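Here are some short exercises to try with the sequence and the 3D view side by side. Have a go at each task before you read its solution.

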Amino acid sequence: EFKPLVFSGVQPTGNLHLGNYLGAIRKFVALQENNDCIYCVVDLHALTAQLVHEDMPGQIRSITAAFLASGIDPKSHIVFNQSAVPQHAELAWIFNCVARIGWMNRMTQFKDKAGKDREQASLGLYAYPSLMAADILVYRATHVPVGEDQKQHLELTRDIAMKFNLDFMDHIRRAGQGIDITVGDEPVHAYFPMVEPLIDGPAPRVMSLKDGTKKMSKSDPSDLSRINLMDDAEAISKKIRKAKTDPDALPSETEGLKGRPEADNLVGIFAALADKSKEDVLKDFGGQQFSVFKPALVDLAVEVLSPISAEMRRLMADPAHIDSILRDGGERARARAEKTMNEVRDIIGF
Ligand code: ADP
Ligand code: NA
């Protein structure tokens, strides 16, 4: 058995939104209790879509502040910035040579983000999942909390780990590394673990407030489509009041939310914020109109988010303090990553 270790990352691009919070950061916080956790601001990933950024250090501090304000403890765990640990990029190169072009061609996020003119997308955007695999596996992490949009990338991470383990099996043994595990029914002598995605809860995919079929995203041009972590009570209230719904009352828990994407999204958000199941929310609100449900959702969202944004503001007022936390985390992450890279270089015969 590999020792359980949690890794995840968030890009320092634009404002964090409720999808990032419920799909990722909130899970990061909960996982600290029973696990060793490494949480990363993935600045190298931010280059894939756009090379030049207005205020990268400020963006990095802002994500770090969101981590800390949400309750991540940088002393018991590790919080750092990706480019402070060059071993990520080194392992990503090796993984670029392990991964197959056919695997990359199946990635739906690349197709979405590259848009129509795919020939003009960066090679980095195309190879993004290989860097993500390196982020995780350079610590030999076993569990990755993310939103549902990252599921396919985690499957690719497993494919890369498996191919590395199989292609280098004899080398891994000869280097005195790796352990015997079973994958499916197959015994494998593995250097890299098969990561388990942690994608669960009532809102694994938070959808746009304007269009219940698109995911809530910072790249949506309409600010009304998302609740930002830094939105004040007035903005949160306005966005939820304006959120698209159907004209019917909320269903009972037995009727359920099938075929009602907007209602499903709002109930899922309520459930996640209240730490309940969607069924429990429908037990309370089934048969009620949105004119009753929405104000309750506003109150709950403000109650959960306003202490976080207040604490983020407080932290952001002291950039040197945030930088010192990142420096400390970077040193600890680098020591662990270098241990892995020493072993990997030995395995591949460098
Ligand atoms: P974005 O997708 O907005 O560019 P990132 O790629 O930095 O954000 O994602 C950071 C984390 O937030 C990832 O774990 C991702 O799965 C999660 N996430 C992003 N959008 C959503 C969403 N709409 N619902 C749930 N989780 C999400
Ligand atoms: Na994403």
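**Exercise 1: a pair of strands**

In strand β6, Ala-190 is the bridge partner of Ile-179. Before you go on, note that this is a predicted model, in which local features need pLDDT of at least 70, side-chain atom pairs count only at pLDDT 80 or more, and totals for chains, interfaces and linings use all residues. Residues are numbered from 1 along each chain as its sequence is written, while chains are lettered from A and ligands numbered from 1 in the order in which they are written.

Task: find out in what sense β5 and β6 pair, and over how many bridges.

Solution. Start with the elements themselves: helices (H or I, at least four residues) and strands (E, at least two) are DSSP runs, numbered from the N terminus. Two strands pair if DSSP finds at least two bridges between them. β5 (residues 179–183) and β6 (residues 186–190) have five bridges and run antiparallel. Next, look at Val-183, which sits opposite Glu-186 in β6. Two residues lie between the strands of this hairpin, and Gly-184 in the turn has a positive phi of about 65°.

Then check the cover. A residue is buried if 20 or more other C-beta atoms lie within 10 Å of its own, exposed if 12 or fewer, and partly exposed in between, with C-beta atoms placed from the backbone. By that count, zero of the five residues of β5 are buried, so the strand is hardly covered.

**Exercise 2: helix α1 and the ligand**

Task: work out how many of the residues of α1 are buried, and what they pack against.

Solution. First, the length. Helix α1 (residues 18–31) has 14 residues and spans 19 Å between its first and last C-alpha, close to the expected 20 Å. That expectation is 1.5 Å times one less than the number of residues.

Second, the bend, which is the angle between axes fitted to the seven residues ending at a residue and the seven starting there. α1 has a kink of about 30° centred on Ile-25.

Third, the cover: twelve of the 14 residues are buried, among them Tyr-21, Leu-22, Ile-25 and Phe-28. These buried residues pack against β1 (5–10), β2 (36–41), α3 (56–70), β4 (143–145), β7 (196–198) and α11 (261–274).

Task: which element gives the largest share of the shell around ligand 1?

Solution. A residue is near a molecule if its C-beta atom, placed from the backbone, lies within 6 Å of it. Ligand 1 is surrounded by 16 residues, the closest being Gln-11, Gly-19, Gly-23, Val-146 and Gly-147. α1 supplies the largest share, four residues. Sorted by kind, the shell has five nonpolar, seven polar and four charged residues. Here Ala, Val, Leu, Ile, Met, Phe, Trp, Tyr, Cys and Pro count as nonpolar, Asp, Glu, Lys and Arg as charged, and the others, Gly among them, as polar.

**Exercise 3: Gly-147**

Task: is Gly-147 buried or exposed?

Solution. Find Gly-147 in the loop between β4 and α8 (151–167). Gly-147 is buried because 21 C-beta neighbours lie inside 10 Å. Now list its contacts, meaning residues whose C-beta atoms, placed from the backbone, lie within 7 Å. Leaving aside neighbours within four places in sequence, Gly-147 touches Gly-19, Gly-23, Ala-24, Ile-199, Pro-204 and Arg-205.

**Exercise 4: helix α13**

Task: where does α13 bend, and which proline follows?

Solution. Check the span first: the 27 residues of α13 (residues 290–316) should cover 39 Å, and the end C-alpha atoms are 37 Å apart, which agrees. The bend, about 30°, is at Leu-305, with Pro-307 following within four residues. The buried residues of α13 include Phe-290, Leu-297, Leu-305 and Met-312, and their cover includes α3, α10 (233–242), α11, α12 (278–285) and α14 (319–348). Pro-295 also belongs to α13, and it is partly exposed because 13 other C-beta atoms lie within 10 Å.

**Exercise 5: two positive phi values**

Task: are Arg-140 and Asp-275 buried or exposed?

Solution. Arg-140, in the loop between α7 (123–137) and β4, has a phi near 50°. Arg-140 is buried because it has 21 C-beta neighbours inside 10 Å. Asp-275, in the loop between α11 and α12, has a positive phi of about 60°. Asp-275 counts as exposed because it has 12 such neighbours.

Notes. Contact = placed C-beta atoms within 7 Å.
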